[in-house]
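Student: Could you take a close look with me at one part of this model? I'd like to see how the pieces around a single spot fit together.

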Amino acid sequence: MTEKPPLDGSEGRTWMEEGRSQTQLTAVDGPDEAATDDGDRPAWDSKIQYVLAQVGFSVGLGNVWRFPYLCHQNGGGAFMLLYVFLLVVVGVPLFFMELAAGQSIRQGSIGVWKHISPKLGGIGYSSCMVCFYVALYYNVIIAWSLFYMGNSFQYPLPWEKCPTNVTSNDTVKECAGSSPTSYFWFRKALNITNSIEESGEFNPIMTGCLLAAWAIVALAMIKGIKSSAKVMYFSSIFPYVVLFIFLIRGLLLDGALEGITYMFYPKLEIWGNVQVWRQAATQVFFALGLGYGSVIAYSSYNPVHNNCHRDALMVSCINFMTSVLASLVVFIVLGFRAKNIALRCVAENLSVLNLLASSGSNQHWWPWFNMTDVSTVTLAEYREWYHLYSSMVGPKITDCSLEQEMNKGVEGTGLAFIAFTEVMAFFPASPFWSALFFLMLLNLGLSTMFGTMQGILTPLMDNFSLLGHHRTLLTVSSCALGFIIGLLFTQRSGNYFVTMFDDYSATLPLVIVVIFETISVAWVYGTDRFLDDIEIMLKWRPPVVYKYLWKYVCLLAMVSLLAASLLRMVFKGPTYTAWNQSTASEMTLEYPGWALAMIIMLIVFASLPVPVSYIYSLVKNRWVRSTPSQVEVGQEMRRELYTKCSSTEQPDSHFHPVHFREDEVHPTPAFLSVGNEHYRLLSQEEDEEEEEEEQDTGV
């Protein structure tokens, strides 16, 4: 009988420890066929389906509006180099770890970590909680995209010009003080209050859009991966088509070259800033979807011998290249926007100079270029003149700096619903480009949303058989519950709650989850044994460098990220950006006391399952040890049976074998080697015969 050598305490424990019965994943007839104990488990129809699902989940809205902003604020090309470094040494190893764990154990996040150790089962429940948090507010963003896409089918676009006041026939003050796109976003779409403390009534239009968003998710996932995978063919591929279309169109815009130059110009001094490292690590962490349980859920539907190492490298590369592609599009658009704002500034300043000239004033600092035909004046000519005579022209004439406009970074909803909408209003056939852009956002959001919901549903169905038998009802009920709780985000102050959930509900709990995932694989189970199991799956052994990355580098990086995030939260204090209607501008406010309590509750509730599960397992084990178990009773009955067999008495014909519950300690089954890497369960007769042979030979 062949088995792996025992590990010492530092390298972890075997699959069959921690007081539970486990069987090997595969009991096969041939080297390429894997039959599991869950033969009715759904599976991907093809490899392309699985890759699209993983790419669709990992490539989301953050690639379009978060990564470009971080590049913009943190040194352009220098930030990209830092991001690639952290992606290679932290992101890819952790992503590979989750893929391999899900594929080998073929369970959702709860089942995977319970399999390694029942004491760590809370990791999976924490993942489910965070997925639920994210699903609540992520679908609100999808609802916003639906609203804007619906408003794109009109010409001119409703955010192109400021509306006029019906009574005074003047431009609405709030719009005149900001911009048409800002006014449409804050007043028409959100009808936002001045702070989170002013809740306001429900926004009926956004409530309807949120209902439609949840209905789409429910219909796409009602039959599990069989239905959602078909939707993935469109939702995962379509955003790339749109990004390439926007890239080609954007390269023809005036200002595109300036935007690209600004993006790739490296500022290496940012590498000395700790906060830049924190932001880069956080972006790597969220870009790959680590800790959500969705990566594990998707990989659990794979064949056992699928090359998950190649998948980890491929998906990570696609994710990074998508971020670069999206950044190119964003910087081209921002360059075009900045160039237009700068040229409008030149036109306004020249009109002031023309008024001075018409009044008869004659100054030696008059521009040498033609002031009457603004179209012939370039931005470079104006800035050259301004730098020579800026001290003489007075405060009414300003510098029209393209770089200054580019430095005004926008992210998140500000990038998608304000900056991009402003640019698309300048495009010929603007409704077409607007509808295309928001359809892309809709698909990016949906593909991520499918993965997030899978991170909730798969673990629940795997661990609770009743839920597994009612997949459709569970899916519809989860979506209905998400819509009801999501009404919090459709009131007038709902945008502030979206910001709260985005900033605080997922970051810290997910980092904690990944820390415990890494500990469970690297220190509880053991990296050597984990690599052995991967070798059985892949039929080749991954490089030994993964052992040290999992045990030391990744764990240290995650602990450092957790510490940096906690310190920033404590010393800086939670704040949010509010829109002031009277001044038509944004302002930074501190959260009130009840909102701070809500933030703490969100973090605690998501992190609580980890210690609770550990304590529960300890208490349960102590209780089992202190009470006679059915195992001891069964062993006593077995000894009594052997005693009867050795005498002239016959065993009781009414004797029945003792059946043990899954959560009790009982002997693990024996395995017989079949070939080099497959095992089959020995029958009782074979097991007894082998024991007799060992006794006869003195082994």
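**Around Leu444 and Val59**

Tutor: Happy to! Leaving aside its neighbours within four places in sequence, Leu444 is in contact (heavy atoms within 4.5 Å) with Val59, Gly60, Leu61, Val64 and Pro239. Before going on, please keep in mind that this is a predicted model, where local features need pLDDT of at least 70, side-chain atom pairs count only at pLDDT 80 or more, and totals for chains, interfaces and linings use all residues. Residues are numbered from 1 along each chain as its sequence is written, and side-chain values use heavy atoms, leaving out hydrogens and water.

Leu444 itself sits in helix α19, residues 430-463; helices here are DSSP runs of H or I with at least four residues, numbered from the N terminus. With 4% relative accessibility, Leu444 counts as buried, a term for under 20% relative accessible area with a 1.4 Å probe, protein chains only.

Now turn to its partner Val59, which is found in the loop between α1 (47-58) and α2 (61-65). Val59 is also buried, because its relative accessibility is 5%. Neighbours within four places in sequence aside, Val59 touches Tyr240, Asn319, Thr322, Leu444, Ser447 and Thr448.

What does the record add? An unreviewed UniProt entry places the feature "binding site" at Gly56, Val59, Asn63, Asn319 and Leu444. These positions span 389 residues in sequence, yet no two of their C-alpha atoms are more than 12.6 Å apart, so they gather at one spot. Do bear in mind that UniProt annotations may be inferred rather than shown by experiment; their positions are given in the numbering used here, with feature names shortened.

Methods
Helices (H or I, at least four residues) and strands (E, at least two) are DSSP runs, numbered from the N terminus. Buried means under 20% relative accessible area, exposed over 50%, partly exposed in between (1.4 Å probe, protein chains only).
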